[in-house]
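Please look over the structure shown here, which is a predicted model. The report below takes up one residue, then the protein as a whole, then one of its sheets.

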Amino acid sequence: VNGPNSIYQIDDPLSDRGGVEVVNNGPKIGNWFIKNDRIEEDSNLRSGSPNDNLCKDGRGTFLLFGQSDNVSGNDKVIYVRVRPRDNSGSVGVIFNYRNTDTYWRLVSNKQEDCISLHRFTDGDLDVRDTSSAAMSVDTWHDLIIRIAGNEIEVLVDFTQVLLVTDQSDIVTGFPTVGLYAGDNRDVQIEQVVVAQLTHFDRIVPPTPSPTPAPSQPPTPAPTPEPTPAPPTPSPTPQPT
């Protein structure tokens with residue numbers, strides 16, 4: 001995943017990156033920063049009722065990255081190496097971002113035990129798919145979003161958890177991607193990569209070769225039975 005099609009490696013201050021933008025969709029300011037060569041966010045930003053379902057509450061803070069000149073077209077794969085640190089917090093990825101009212105969001109929340117794919121169009125939320133495969137806390141995860149035509153596939157640790165086919169025009173044509181945090185006291189991101197879909201094999205680990213079956217020793221040939229000796233002829237009687 002460290003080839004020429006990556007957008008950013010987390011090894012220098014965010015302020016040195018062209019095109020990086022923080023968007024706050026709530027009453028507080030998101031606090032994104034670099035620590036130990038990782039991106040972190042700890043603002044606990046949220047608005048709305050405390051009883052909101054955190055897998056549907058669209059408010060939080062976004063860290064948006066500029067478009068990579070190395071990634072063209074609509075078919076792409078987004079890879080994020082992430083470790084959630086707050087059981088009640090939501091973390092995820094923003095993609096195909098047009099403005100604060102129109103974008104896609106992938107969100108995982110362990111407290112709600114859900115991972116969901118949301119489409120926002122002019123501020124209206126449409127939950128396109130959801131499952132109970134939320135990312136666990138204090139564990140590093142490989143989060144992958146694969147976009148091919150009108151199909152969006154989500155994998156956690158290289159296992160498919162969501163699959164959506166969507167005919168809306170906001171599936172394609174908007175290259176901006178970013179990170180999402182909501183009601184979150186701590187999340188760590190180690191790597192953010194966007195690549196052409198044709199480079200997906202750089203991200204998916206190779207399938208291990210099957211273990212060959214142990215060779216069997218050759219079966220010994222059966223020992224031939226000994227041939228019985230012919231009977232001894234009776235002696236010829238002597239004439240009287």
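## Residue H141

H141 lies in strand β11, which covers residues 141-148. Because buried means under 20% relative accessible area, H141, with a relative accessibility of 5%, counts as buried.

Two polar contacts link the side chain of H141 to backbone oxygens: a polar atom of this side chain lies 3.0 Å from the backbone oxygen of S136, and the side chain also reaches the backbone oxygen of T139 at 3.5 Å. When residues up to four places away in sequence are left out, H141 touches V80, R81, V82, P84, M135, S136, V156 and D157, so that S136 appears both in this list and as a polar partner of the H141 side chain.

## The protein as a whole

The secondary structure comprises 15 strands and 0 helices, and 46% of the 240 residues are buried. Of the contacts between residues at least 6 apart in sequence, 65% join residues at least 24 apart. The accessible surface comes to about 12700 Å², with 48% of that area belonging to carbon and sulfur atoms.

## An open sheet

Seven strands form an open sheet with antiparallel pairing, in the order β2-β5-β14-β7-β8-β9-β10. Its edge strands, each pairing on one side only, are β2 (21-25) and β10 (124-131), and the twist from one strand to the next averages 20°.

At the β2 edge, this strand pairs with β5 (residues 60-65) in the antiparallel sense over 5 bridges, and E21 stands opposite L64 in β5.

Definitions and conventions. Residues are numbered from 1 along each chain as its sequence is written. This is a predicted model: local features need pLDDT of at least 70, side-chain atom pairs count only at pLDDT 80 or more; totals for chains, interfaces and linings use all residues. Side-chain values use heavy atoms; hydrogens and water are left out. Helices (H or I, at least four residues) and strands (E, at least two) are DSSP runs, numbered from the N terminus. Buried means under 20% relative accessible area, exposed over 50%, partly exposed in between (1.4 Å probe, protein chains only). A polar contact is a pair of N or O atoms within 3.5 Å; within protein, one must be able to donate a hydrogen and the other to accept it, and residues adjacent in sequence count only if both atoms are side-chain atoms. Contact means heavy atoms within 4.5 Å. Accessible areas come from the Shrake-Rupley method with a 1.4 Å probe; for residues, only the protein chains shown count as cover. Two strands pair if DSSP finds at least two bridges between them. Axes are lines fitted to C-alpha atoms, for helices over the stretch in contact, and angles run from 0 to 180 degrees between N-to-C directions.
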